[in-house]
Amino acid sequence: MAFIDTPDDPEFFDRNRAAAGHVPNFVRTFAARPAVYEAWKQLNGAIKESMDLRRYELATLAAATALKSSYCSLAHGQILADKFFSADEVTALADAAPTDPVDQAVMSFARKVALGADAVTQTDIDELKALGLSDGDVLDIALTAAARAFFSKTLDATGTQPDSVFSGLPENLRTALTVGRPISSVASGT
């Protein structure tokens, strides 16, 4: 599940159990540093609060796939497939630019921030604003991609594998979103 041993903290696990009833592998990893996990939840919640959920998920998927984070790609790809797109459409998003110009620009910018924020230029920002995005929208996308880099890199650096429940995704979606570490073969704890 991970390269590091972490405490078995039933109280922490109960507080952070997934809606599906299992304790996600990333929660087990953060059991060693619960204050960091609480800070992450607060930061991530503050970023999401000011954004349209669809846009947040597109930016997150773009950053996660760019960073080769299977865990985050699978989790956020699943949300996109459950709420906004078909599984086939999300499969396509993992490899190709969306057809909507705003979605395309959002995902492209999020990838650029995740992989090399120092290469962002005024032209990148102007292109987003020409499509109707505000300065606040641009900041939201940058915050989303930068925060995803923290979370994805933490999970990958500790060897935290995506939960085995992701094996239940449609094969084409699961394959397209497994861009780094493989899905865990060990069932997540309850």
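Ser73 is buried, with a relative accessible area of 0%, in a model that is predicted. Its place is in helix 5. Once neighbours within four places in sequence are set aside, the contacts of Ser73 are Leu61, Ala64, Thr65, Leu177 and Val179. Of these, Leu61, Ala64 and Thr65 are also among the buried residues of helix 4. Ser73 and Val179 are 106 residues apart in sequence, and their C-alpha atoms are 7.6 Å apart in space.

His76 also lies in helix 5, which runs over residues 70-83. The relative accessibility of His76 is 10%, and because buried means under 20%, His76 counts as buried. Beyond its neighbours within four places in sequence, His76 is in contact with Tyr56, Glu57, Thr60 and Arg148. Tyr56, Glu57 and Thr60 are buried residues of helix 4.

**Helices 4 and 5**

The buried residues of helix 5 are Ser70, Tyr71, Cys72, Ser73, Leu74, His76, Gly77 and Leu80. Their cover includes helix 2, helix 4, helix 6 (87-95), helix 9 and helix 10 (171-177). In helix 4, 11 of the 14 residues are buried, so this helix is largely enclosed by the rest of the structure. The buried stretch consists of Tyr56, Glu57, Leu58, Ala59, Thr60, Leu61, Ala62, Ala63, Ala64, Thr65 and Ala66. Among the elements covering these residues are helix 3, helix 5, helix 6, helix 7 (101-116), helix 9 and helix 10.

The table sets the expected span of each of these two helices beside the separation of its end C-alpha atoms.

| Helix | Residues in helix | Expected span | End C-alpha separation |
|---|---|---|---|
| helix 4 | 14 residues | 20 Å | 20 Å |
| helix 5 | 14 residues | 20 Å | 20 Å |

For helix 4, the separation agrees with the span expected at 1.5 Å a residue. The values for helix 5 agree as well.

Lys68 lies in the loop between helix 4 and helix 5. Lys68 has a positive phi of about 60° although it is not a glycine. Most residues other than glycine have a negative phi.

**The largest pocket**

The largest pocket has a volume of about 740 Å³. Its lining is made up of 28 residues, and those nearest the centre are Ala18, Pro24, Phe26, Ala75 and Ile79. Two or more lining residues come from each of helix 2 (25-30), helix 3 (34-49), helix 4 (53-66), helix 5 and helix 9 (135-157). Helix 5 gives the largest share of the lining, 6 residues. By residue class, the lining of the largest pocket divides into 17 nonpolar, 5 polar and 6 charged.

**Annotated span and the loop after helix 6**

An unreviewed UniProt entry carries the annotation "domain: Carboxymuconolactone decarboxylase-like" for residues 34-102. In the model, residues 34-102 are 80% helix and 0% strand, and the end C-alpha atoms of the span lie 37 Å apart.

Asp100 is placed in the loop between helix 6 and helix 7. With a relative accessibility of 34%, Asp100 counts as partly exposed. Asp100 and Phe3 are 97 residues apart in sequence and 40 Å apart in space, taken from C-alpha to C-alpha.

Definitions and conventions
Residues are numbered from 1 along each chain as its sequence is written. This is a predicted model: local features need pLDDT of at least 70, side-chain atom pairs count only at pLDDT 80 or more; totals for chains, interfaces and linings use all residues. Side-chain values use heavy atoms; hydrogens and water are left out. Helices (H or I, at least four residues) and strands (E, at least two) are DSSP runs, numbered from the N terminus. Buried means under 20% relative accessible area, exposed over 50%, partly exposed in between (1.4 Å probe, protein chains only). Contact means heavy atoms within 4.5 Å. UniProt positions are given in the numbering used here, feature names are shortened, and annotations may be inferred rather than shown by experiment. On a 1 Å grid over the protein atoms alone, a cavity is a set of points where a 1.4 Å probe fits but cannot get out, and a pocket is an open set with protein on both sides within 12 Å along at least five of seven lines; lining residues have an atom within 4 Å of a point. Grid points are joined across faces, edges and corners, and a volume is the space filled by probe spheres set on the points. Ala, Val, Leu, Ile, Met, Phe, Trp, Tyr, Cys and Pro count as nonpolar, Asp, Glu, Lys and Arg as charged, and the others, Gly among them, as polar. The expected span of a helix is 1.5 Å times one less than its number of residues.
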